[in-house]
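Me: Please take a close look at one part of this model for me. I want the place where the two domains meet, treated in one connected account.

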Amino acid sequence: MSDQSDTTTQPDPDTVPGIPDAESLEPTKRTIAILGANGDLAKRLLIPGLGEVVDAARDISLQIIGAARTPQPNEEWRATVRASLEGAGIGARTVDALVSTTEFIPTDASDPDELRALLDACTGSPILYIALPPSAGRKVAEALAQIDLPDDLLIAIEKPFGDDLADAQALNAALADVVPEERLWRIDHFLGNATVLGMLGLRFGNRLLEAGWNAEQIEKVEILYDEELGLEGRAAFYDQTGALRDMLQSHLLMVLALTAMERPDAVTPTDVHDRMAEVLGSVRLWKDDPSTARRARYTEGRVGDRLFPSYVDEPDVDASRETETLAQLLLQVDTPRWQGVPFVLRSGKGIGDPRREVAVHFRRSAAPTGLDAPDGHADTVLRMSLKGGAVHLDLIVTGADDVDGLRRVELEADPGAATLSAYAQVLAGLLQENTLLSVRGDIAEQCWRIVTPVVTAWAAGETPLEEYEAGSAGPTDW
Ligand SMILES: O=C1O[C@H](COP(=O)(O)O)[C@@H](O)[C@H](O)[C@H]1O
């Protein structure tokens, strides 16, 4: 190319300044080495999620390496990867490309030499993905601290991040010895959920909502994630974890942070994470009372066409552990914006007709006497679905033929299906080295701090473990 052509070329009107044309991009070559590759999470979520990202992006060339302590023949591993990708409907070209380059390397994740060998086998810029139980993260970090690491190494670690507050703090400290925070991704797929991502646009893109997003206008906020699913053979993980740690601590508090935080100056990782950390730092149990948190577990019942055994009769469950399958927290947010507004967080398994949404209940309007709603619930409710991203606004209007009667109508705004699943959205951030959808270390610690008094009270047996029939709505009188 001549010097002159460089200086005289006019911008192509079809190109967007600052965004390179995808066709002209040199693919970034990355290798993701998955510790815990033989686990359910890798097969069910991680590998399909990676497939989705590679399928959707033309600028990523990815090699997957499976790693676990128990050896596995390469052919068997390749078949696993293929089945996992095909089962998720990933395009044939992507499946073939990922299967042809993948391999399995038996690795003891606590052995520095074996981790070194695993990283040496990466042909692209390495990502070490720790998909192991929470208690294993620290051993991996301590082993990594003993070896020279590639400068371009990224580390990703699955949530729950540690077993409790002290463990999360120790894990953060151990990881800080290995990589700087901006090269570390704590994975929470809820951050890739369309509603959670869309919270910023909805809250700060609508002056109508922004102006009323406070205690003066809002009476209560519910963040609910009930599931029809039961244990699904995950006793090894779930029976030691329970709904409080698995869902409320790990995921729903992140949703609360985005719902309740102050306005970030810009949508950059630092600004958004600073605001999230700030608001979580102000969250406490309602009146500091652990007895406001409730727990229950399912008994035998029918969910749709499936008959669930009682949780305690599920395979590999230790009934003496008193693991809850449903947890509810009542929280207060001690910022001027939220004085006196209860935040209810709840998640349960084995629930019939489950609710999965953020519901913002506005205060009742002081309508003139004679306009009272007959059902007594004349409040406006904004409901953001946590499955699919649709937003519903339940508005109170006057009936067409009954000018002094109020009734409720529902407006729906559906942004449509996202191209990437929530999991893939978060993995795309990792592969593109954008930490916006990663959980920063101090935020992970805040989440543990908030639930710690409840963990302690429940361990001491201070709160009864109630029961609900699988397929029911769960306890309704809390
Ligand atoms: O991380 C987890 O999330 C799922 C619920 O999320 P979904 O996107 O799969 O609906 C939950 O079932 C699981 O217990 C938990 O570990």
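Reply: Start with one pair. Arginine 30 and glutamate 433 join their side chains in a salt bridge, with N to O at 2.8 Å. This is a predicted model, so read every value here as computed from predicted coordinates.

Now place that pair. The protein chain splits into domain 1, residues 16–189, and domain 2, residues 191–469. Arginine 30 therefore falls in the range of domain 1, and glutamate 433 in that of domain 2. Between domain 1 and domain 2 the count is two salt bridges. Polar contacts are counted too: 18 residue pairs across the two domains, both partners at pLDDT 80 or more.

Which elements of domain 1 face domain 2? Seven segments each give at least two residues to the side that touches domain 2. The strands are β1 (28–35), β2 (60–68), β4 (125–130), β5 (154–158) and β6 (184–187). The helices are α2 (40–56) and α7 (165–176). Helix α2 supplies the largest share of that side, 10 residues. By class, the side of domain 1 that touches domain 2 holds 20 nonpolar, five polar and 13 charged residues.

Next, the extent of the contact. The centres of domain 1 and domain 2, over C-alpha atoms, lie 29 Å apart. Domain 1 brings 38 residues to the contact, and domain 2 brings 35. Interface size is often expressed as the accessible area lost when the parts come together. Here domain 1 and domain 2 bury about 3100 Å² between them. Carbon and sulfur atoms give 63% of that area. Three residues of domain 1 stand out: Trp185, Asp188 and His189. They supply 23% of what domain 1 buries against domain 2, more than any other three residues.

Step back to the whole chain. It has 14 helices and 18 strands. Its C-alpha atoms fill a box of roughly 75 × 70 × 40 Å along the principal axes. The radius of gyration is 24 Å, which agrees with the value near 23 Å for a compact globule of 478 residues.

Salt bridges also occur elsewhere. The whole structure has 28 of them. One links glutamate 75 to arginine 78, with the closest N and O atoms 3.1 Å apart. Both residues sit in helix α3 (residues 74–87), three residues apart, about one turn of the helix. That pair lies within one helix, whereas arginine 30 and glutamate 433 belong to the ranges of domain 1 and domain 2.

Conventions: Residues are numbered from 1 along each chain as its sequence is written. Side-chain values use heavy atoms; hydrogens and water are left out. Contact means heavy atoms within 4.5 Å. Buried area is the accessible area (1.4 Å probe) that two parts lose on being put together, summed over both. A salt bridge is a side-chain nitrogen of Lys or Arg within 4 Å of a carboxyl oxygen of Asp or Glu. A polar contact is a pair of N or O atoms within 3.5 Å; within protein, one must be able to donate a hydrogen and the other to accept it, and residues adjacent in sequence count only if both atoms are side-chain atoms. Helices (H or I, at least four residues) and strands (E, at least two) are DSSP runs, numbered from the N terminus. Ala, Val, Leu, Ile, Met, Phe, Trp, Tyr, Cys and Pro count as nonpolar, Asp, Glu, Lys and Arg as charged, and the others, Gly among them, as polar. The radius of gyration is taken over C-alpha atoms; the globule rule is 2.2 Å times the number of residues to the power 0.38.
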